[in-house]
Every structure is written in structure tokens, then in C-alpha cells.
Amino acid sequence: MEQRTLRAAVIGVGSMGRNHARVYASLPGVELVAVCDTNLAAANSLASIYRCHVYTDYHDMLSNEDLDLVSVVVPTKYHFAVASAVIGHGVHVLIEKPIAATVEQGWMLIEAAQRQGVILTVGHIERFNPAIIALKEQLNNHELGNLFQIMSRRVGPFPARIMDVGVVVDLATHEIDILNYLIGSPITRMHVELHRHLHQSHEDMLSALLRFENGMIGVLDINWLTPTKIRELSVVGERGMFVANYLTQDLTFYENDSCQGRAWPELALIGVSEGRSIRLKVPRREPLYEELRSFCEAVRNGTEPVVSGEAGVAALAIANQIVEVGLREQPAAALIERALAVGM
């Protein structure tokens with residue numbers, strides 16, 4: 001039986017929104033019906049490429065178009081209002097991360113979507129990165145044995161376009177969601193260092209040390225201050241280490257030679273020595289294409305999305321906690337001064 005064509009729209013056509021429009025226009029069984037942005041020139045230029053309708057007011061678009069799904073790709077502070085309107089019209093919605101400006105708003109969106117019976121998903125795009133999917137499969141198969149540490153580095157140049165949030169909410173939410181996805185254990189303790197060098201009002205550098213309930217240690221190195229883009233995640237365990245490169249979609253295994261030949265769960269750590277490095281075969285795919293294709297399939301089949309609204313709220317809640325801890329951490333000088341005072 002021939003499937004009905006899904007009618008899609010994009011609200012917000014900045015750099016990311018333009019890519020959403022491009023992918024919808026290329027997906028089989030999907031028609032890009034409309035784009036909406038307060039910048040009429042930007043919307044018009046995109047509409048001329050994909051031959052779709054143009055709006056500067058998303059309320060008009062939602063009232064005039066018969067839509068199945070919408071991507072909300074606007075600044076974070078507008079996520080709640082725009083997504084609420086989309087849900088109110090009974091349209092399935094993908095909200096670029098973070099889900100909303102506050103955790104409370106995120107829960108309100110989830111509850112509204114449940115009442116309306118529509119799918120709500122959050123654009124945590126790295127869930128669809130082939131290297132991360134392959135890494136998750138390796139960890140599920142206990143290829144590393146017991147896990148010790150996970151380290152994530154997401155750094156690059158300062159993006160002048162992002163003014164309403166800091167590097168924790170904009171970038172670290174990617175890593176927080178991936179840590180939740182890969183490790184699945186609550187954070188029980190954290191030490192956080194934040195700094196603002198270039199951003200007018202928010203932090204642009206994060207260094208964090210996390211301890212998980214299962215005993216693993218997490219390290220986050222996130223900034224907008226590095227003159228080259230680096231996106232890398234490593235996981236260390238008994239058998240060795242996996243390193244995933246988000247950009248090249250490579251996954252490499254560095255084996256602990258002392259543990260080779262022993263099978264899980266009989267594996268016991270008796271030492272660490274350098275073994276082979278093995279680059280796993282990972283089929284390269286565009287994560288955004290896979291994300292939107294998955295969203296469309298969930299809409300078409302009425303199935304749960306890969307990234308739930310609850311997962312989006314969890315990532316935002318942890319990001320907010322990181323910022324809160326970082327802001328209240330006392331400078332070392334104050335701690336030393338207090339210790340000296342006690343000693344006197």
C-alpha cells in the first residue's frame with residue numbers, strides 16, 4: 001500500500017534551520033510545505049530553492065497549512081512559545097536542543113504533547129552519529145569489560161550567533177545526553193569550573209569532573225575558545241579504550257594486551273599493557289538526515305521517538321545543575337584563606 005506523503009515545515013531558518021529544510025526536501029515520502037522566519041529575506045531565499053510557502057509569523061503558518069510535523073529551530077528562549085503553538089495545532093514536533101529554556105517549561109511541553117496525542121522529540125543529533133551508535137553496541141556487548149572512565153572533548157571557535165545561552169546549555173547538553181545514553185547511571189558528585197572570556201553574558205568554557213553512581217568517572221572539556229573544532233569521546237575499561245570521533249565518524253579500539261583472550265564475565269584486570277589499535281568499520285551517514293528520517297518514521301508509524309522529551313529534560317536539568325555548581329564553587333584563594341584562619 002502506498003504511504004501518504006508527510007507534510008513538513010521548519011520554523012527558524014538560521015544555519016541549522018536551513019539544514020532541516022534541506023533534509024526534509026530530500027527525504028522520500030516527505031514534502032517541505034513551508035518555512036517560517038521573522039527574517040523575510042532569509043525565508044524567501046530558502047523558499048526559492050525548495051519551492052515552498054513563506055511565512056514570517058508561525059501562528060499564520062500553523063493556521064493556514066495542513067501539517068504533519070514541524071521542526072522548531074529558533075533561539076532557546078522562544079522554544080516554549082513556538083513548540084506550544086505547534087502542539088496546540090495537533091502537529092508532531094521536533095525541538096532543537098535544549099528542549100526549552102527551563103526544566104519546568106520542558107515538562108509543560110511534554111504534558112501538552114501527551115494531552116494532544118502528538119510526538120515530541122528533541123534534536124540531540126549525536127544520538128544518530130554512526131560512531132556513537134557503534135560505540136553503544138560495543139559497550140552493550142561488554143567489549144571493554146568493566147568501565148572506568150568516560151572523557152568528552154567538544155571544543156571550537158566562538159559562535160557569534162549564540163547569545164541567549166552559554167556553552168553548557170549549547171554544547172555540553174550534547175555530551176550530557178550521550179553520557180546518559182551510554183552510561184545510564186545517575187551523577188552523584190561533580191566538580192565544575194566555569195569561565196567567561198568572550199561571551200557577553202554567559203560562560204564560554206567548562207571543565208567538569210563527574211562521578212557516577214556505578215563508580216565511573218566522567219570528564220567534560222567544553223569551550224568556545226579553541227581555534228579548531230574537536231569533537232571526541234573516549235571510554236576506558238578493563239579491556240582497553242574506545243575513542244569515537246564525532247566529526248570523522250571513526251571508532252578506534254586501543255586494546256589492553258594484558259586482558260586479551262579472557263572472556264566476559266570471567267575477565268579480571270591483572271594489569272595494563274599496550275596492545276593493538278583497531279579501527280572499526282563504521283558506515284558514514286549524515287546524523288541530521290538520520291535524525292529527521294527517524295522522526296518522520298515515528299510520525300508515520302505512531303511509534304516512540306529515539307530521543308524522548310524526558311531525555312531532553314534530563315539533559316537540560318543536568319546542564320542547569322552544572323552551571324549552578326560552577327557558579328557557587330568557592331575560589332581556591334577563599335578556601336586557602338579560610339584554612340589558614342582556622343589554623344591560626
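## A tour of one helix pair and selected salt bridges

In this predicted model, begin by selecting Val-103, Gly-106, Trp-107, Ile-110 and Gln-114 in α5, which meet Gly-309, Glu-310, Val-313, Leu-316, Ala-317 and Asn-320 in α9. The residues of this contact comprise six nonpolar, four polar and one charged. Display next the two helices in full, α5 as residues 103–116 and α9 as residues 309–328: their axes are 9 Å apart and form an angle of about 175 degrees. Since angles over 145 degrees count as roughly antiparallel, α5 is described as roughly antiparallel to α9.

Turn now to the salt bridges, of which the whole structure contains 15. Select Glu-286 and Arg-22, whose closest N and O atoms are 2.6 Å apart. Glu-286 is in the loop between β14 and α8, and Arg-22 is in helix α1, so this pair ties together parts 264 residues apart in sequence. Glu-286 is partly exposed, at 33% relative accessibility, and Arg-22 is partly exposed at 31%.

Move to strand β7 (residues 147–155), where Arg-153 can be selected together with Asp-221 of strand β10 (residues 217–223). Their side chains form a salt bridge at 3.0 Å, N to O. Asp-221 is partly exposed, with 25% relative accessibility; Arg-153 is also partly exposed, at 37%.

Select Arg-154 next, together with Glu-175: this salt bridge has its closest N and O atoms 2.3 Å apart. It links Arg-154 in strand β7 to Glu-175 in helix α7 (residues 167–183), 21 residues apart. Glu-175 is buried at 0% relative accessibility, and Arg-154 is buried at 3%.

Finally, select Arg-7, Glu-31 and Glu-65, which a network of salt bridges links.

Notes
Residues are numbered from 1 along each chain as its sequence is written. This is a predicted model: local features need pLDDT of at least 70, side-chain atom pairs count only at pLDDT 80 or more; totals for chains, interfaces and linings use all residues. Side-chain values use heavy atoms; hydrogens and water are left out. Axes are lines fitted to C-alpha atoms, for helices over the stretch in contact, and angles run from 0 to 180 degrees between N-to-C directions. Helices (H or I, at least four residues) and strands (E, at least two) are DSSP runs, numbered from the N terminus. Angles under 35 degrees count as roughly parallel, over 145 as roughly antiparallel, 65 to 115 as roughly perpendicular and the rest as oblique. Contact means heavy atoms within 4.5 Å. Ala, Val, Leu, Ile, Met, Phe, Trp, Tyr, Cys and Pro count as nonpolar, Asp, Glu, Lys and Arg as charged, and the others, Gly among them, as polar. A salt bridge is a side-chain nitrogen of Lys or Arg within 4 Å of a carboxyl oxygen of Asp or Glu. Buried means under 20% relative accessible area, exposed over 50%, partly exposed in between (1.4 Å probe, protein chains only).
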